[in-house]
Every structure is written in structure tokens, then in C-alpha cells.
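Reader: Hi! I'm just getting used to looking at protein models, and I'd love a slow, close look at one part of this one. Could you pick a place to start and walk me outward from there?

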Amino acid sequence: MQILPKLDFTNSAFNNRASKIALITGGDGTIGHKFVEHLITRGWFIHVVTSSRTRAEDFFTSHGIPNGPATKLHFHECDLSKLDKVAQFVGDFKKENLQIDLVICNAGVLHPRDMWNDQAVADGMNVNVISHALMIESLHPVLARDNRILLVGSCCSHGAFVTKRMIKSGTQLLYSAAGPYQAYASSKLLLASYGEQLTLSMRTSHPGHQVITVHPGVVPSGLYRNTNPITRFATAFILPFFLRNAEDAALLCLHTAFRDDLPNGSYCEDGKVVRCGTKFDKEDLSAIYGLIQKEVQTALSDKKNL
Ligand SMILES: NC(=O)c1ccc[n+]([C@@H]2O[C@H](COP(=O)([O-])OP(=O)(O)OC[C@H]3O[C@@H](n4cnc5c(N)ncnc54)[C@H](OP(=O)(O)O)[C@@H]3O)[C@@H](O)[C@H]2O)c1
């Protein structure tokens with residue numbers, strides 16, 4: 001049975017670009033570092049947003065990938081759960097005057113159940129959704145004309161419980177304490193919905209930008225560090241024999257992001273466009289986008305007022 005589509009990196013959208021510069025959040029994570037390895041071997045320059053520069057430097061050095069000034073790999077330390085820090089990072093990054101060809105919104109977190117409180121709810125939503133929206137909205141001026149934006153989503157979004165009434169409730173939708181698994185699923189659904197609506201809002205202002213949300217597959221990874229002991233044991237020792245590995249997941253996501261035959265704003269699983277959030281109509285998508293935008297604008301204006 002063929003699960004992965006044929007992965008091809010010969011198309012001109014990937015290869016024949018004036019420049020090849022990528023910004024990747026969580027680029028030192030399980031799937032993230034495979035994006036980095038793959039892109040670097042194909043001549044790309046990478047900027048990784050990491051929660052720990054020292055750890056990222058050690059990690060890539062131990063993997064034989066040179067990093068730092070005069071190399072192809074650069075690190076930017078930023079805690080994505082803190083929107084003021086994200087706004088600061090984006091402001092500084094823009095001063096580097098780079099033109100970005102690919103943005104991979106890969107960082108993600110599933111919070112521990114035993115530390116589940118209002119702060120954890122906000123942190124999770126910020127990492128999984130709002131920080132990435134903030135980066136995309138602020139980076140518009142430095143994105144290449146034919147830029148690709150890859151949002152790393154999750155099939156968990158099918159299990160999210162988000163009703164029209166919740167959407168109408170405003171920011172409560174983003175920050176309600178539904179429990180870690182439900183909050184993770186909702187955040188990934190909101191991320192895909194944001195991506196879909198983003199393409200509509202950019203249709204005239206940035207017609208060359210392509211946004212695709214991709215489920216990478218289920219991969220044993222650091223994401224599961226906060227799950228219960230049985231799941232952690234199975235994920236570490238049993239499931240690796242059955243699940244997708246991080247390299248295949250990263251290749252699938254990249255391949256999907258650079259395809260030219262997908263409708264802009266699609267959500268994809270295993271190379272196929274899948275409807276995410278079946279119950280959402282245009283009004284819902286626009287309301288979700290508006291809520292996320294509001295958080296982004298608040299974070300940006302808070303930074304200006306500092
Ligand atoms: N693995 C799967 O089965 C699976 C399935 C569906 C979707 N996904 C998605 O795939 C993406 C990659 O996940 P993964 O499986 O590779 O897990 P991972 O190894 O835990 O990678 C997640 C990355 O996000 C970073 N991150 C988390 N919180 C952050 C914060 N506050 N500030 C900065 N960086 C932060 C992590 O850094 P730290 O280590 O410093 O926290 C790590 O580098 C995620 O978006 C995840 O939701 C994964």
C-alpha cells in the first residue's frame with residue numbers, strides 16, 4: 001500500500017529561485033531538524049527560531065551541521081509563548097533586510113495535564129497559532145513575491161470541538177481551558193482555518209504567496225513528552241516500528257508546500273487535500289481570522305507602546 005505520495009524536489013518553485021532563504025520555528029525539534037537538514041543539502045540558507053540557542057547550536061554541531069556567522073544556519077532565540085518576545089524578534093529580524101522564500105511554522109506544544117491552568121492555555125495557543133500569525137503578518141514586507149508559507153498542522157484538528165457559538169464568543173475561543181488534548185486539537189484547527197482565510201485576505205495584496213497547512217503524519221517525537229506514561233512508553237519503544245519517521249514527515253511537508261497544483265490555503269494529509277473544520281462556513285473562517293488578527297494587533301501595538 002502506498003501511503004506517501006511520490007516526493008519530488010525538482011520543480012522550479014523549489015529549485016529555480018532567485019534566493020533560497022527559509023525561516024523555521026522549532027527547527028531544532030524532531031521534525032524541525034529534518035527540514036533544516038534537507039533544505040541545507042539543497043542549497044538553502046536557514047534561520048531557525050529556537051527556545052534555546054545554546055541547545056540548538058550543540059544539537060546541530062553534534063549532527064555535523066556547521067552553524068553561526070558565515071554558515072548557512074543561523075539561530076534566533078525566542079520563546080514563542082510570549083507574544084511581546086515574538087514581536088521583538090520579528091522587529092529585529094526585519095532589520096537584517098533578508099528576503100524570505102519559505103516560512104515554516106513548525107513549532108508546536110502539547111502541554112502537560114498536571115500543569116494545566118490559564119497560563120498553560122494561553123502559552124499553548126500562542127505557540128501553536130498566534131505567534132506564527134504574528135510572524136506572518138509582520139514579515140509580509142520581507143517575504144519573496146513567490147513565497148511559500150507552510151503551516152504544520154495536525155490530523156488531531158478533526159477531533160477539535162469548536163462550535164459556531166464558541167466562535168461568536170470571541171477570545172474565549174482562543175483561551176478557554178478545555179484540557180490539553182482538546183486545546184491542542186482546537187489550536188491546530190484554528191491554525192488551518194487561519195491559513196485558509198489568510199490566502200483570501202492576501203489575494204490582491206500578495207497574489208504570489210502560497211499558504212499550505214500539512215499534517216506531517218504521526219511521528220514519535222518530543223511533542224509527546226507531556227503525555228501519560230503509557231503513551232510515552234509506546235511512543236518511544238513500540239510505535240517507532242509502525243509510525244512515520246521524522247525525515248519522511250519533513251519531506252512530505254516540504255514537497256506539499258512546493259506543489260503548484262494545490263488550491264492556495266489547502267489543508268493536506270498524505271498529499272491529499274482534506275476538508276478541515278467541515279462545519280465552518282465563510283463567515284466562521286472570517287470570524288476566526290478576525291480573532292487571531294486582534295491578538296496579533298494587540299501584541300504589536302503593546303510593543304510600540306513600550
Ligand atoms: N509528532 C507528531 O506525531 C505530530 C503529529 C501532528 C502534528 N505535529 C506537529 O509537528 C510540529 C513539530 O512537532 P514535533 O513532532 O517535531 O515535536 P517536537 O520535537 O516537540 O518539536 C516541536 C518544536 O517546537 C518548539 N517549541 C515548543 N514550544 C516552544 C516555545 N515556547 N518557543 C519556541 N519553540 C517552541 C520545540 O522547542 P522546545 O523543545 O524548546 O520546546 C521544538 O523545537 C508541531 O507543530 C506538531 O504539533 C506533530
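**Around Cys-155 and the sheet**

Author: Let's start at Cys-155, which counts as partly exposed because it has 17 C-beta neighbours inside 10 Å, while 20 or more would make a residue buried and 12 or fewer would make it exposed. Keep in mind as we go that this is a predicted model. You will find Cys-155 in the loop between strand 5 and helix 6 (164–168). Setting aside residues within four places in sequence, Cys-155 is in contact with His-215 and Glu-269. Leu-252 is 97 residues from Cys-155 along the chain, and their C-alpha atoms are separated by 14 Å.

Now step back from that loop into strand 5 itself, residues 143–152. Is this strand mostly covered or mostly open? It is mostly covered, since seven of its ten residues are buried.

Strand 5 has a partner on either side, in an open sheet of eight strands with the order 3-2-1-4-5-6-7-8. Strand 4 (residues 100–105) pairs with strand 5 in the parallel sense, over five bridges. Across that pairing, Val-103 stands opposite Ile-149 of strand 5. To get from strand 4 to strand 5, the chain passes through helix 5 (residues 118–139), making a right-handed β-α-β crossover. On the other side, strand 6 (residues 210–215) runs parallel to strand 5, and five bridges join the two. One pair to look for here is Arg-148, whose bridge partner in strand 6 is Gln-210.

If you are wondering what holds such neighbours together, strands of a sheet pair through backbone hydrogen bonds, either parallel or antiparallel. This sheet has mixed pairing, and strand 7 (residues 267–269) and strand 8 give you the antiparallel sense, over two bridges. There, Glu-269 stands opposite Lys-272 in strand 8. That Glu-269 is one of the contacts of Cys-155, where we began.

What happens at the edges of the sheet? Strand 3 (73–77) and strand 8 (272–273) stand there with a single partner strand each, so one side of each has no neighbour in the sheet.

Go back to strand 4 for a moment and find Asp-101, which lies in it. Asp-101 counts as buried because it has 22 C-beta neighbours inside 10 Å. Beyond its neighbours within four places in sequence, Asp-101 is in contact with several residues, among them Arg-17, Lys-20, Ala-144 and Asn-147.

Just before strand 4, you can compare Asp-101 with a loop residue. Asn-97 belongs to the loop between helix 4 (83–94) and strand 4. Asn-97 is exposed because it has 7 other C-beta atoms within 10 Å. It is not a glycine, yet Asn-97 has a positive phi of about 55°. For background, most residues other than glycine have a negative phi.

Ala-70 makes a nice companion to look at, in the loop between helix 3 (53–62) and strand 3. Ala-70 also has a positive phi, about 70°, without being a glycine. With 5 other C-beta atoms within 10 Å, Ala-70 is exposed.

To finish, turn to the largest nonpolar core, which has 84 residues. Helix 8 (residues 180–202) gives the most to this core, with ten residues. Leu-134, Leu-150 and Ile-292 have the most contacts inside the core.

How values were computed:
Residues numbered from 1 in each chain as written. Predicted model: local features only at pLDDT ≥ 70, side-chain atom pairs only at ≥ 80, totals over all residues. Core = buried A, V, L, I, M, F, W, Y, C linked by C-beta atoms within 7 Å. Helix = DSSP H or I, 4+ residues; strand = E, 2+ residues; numbered from the N terminus. Pairing = 2+ DSSP bridges. Right-handed = clockwise from strand over helix to strand, strands pointing away. Contact = placed C-beta atoms within 7 Å.
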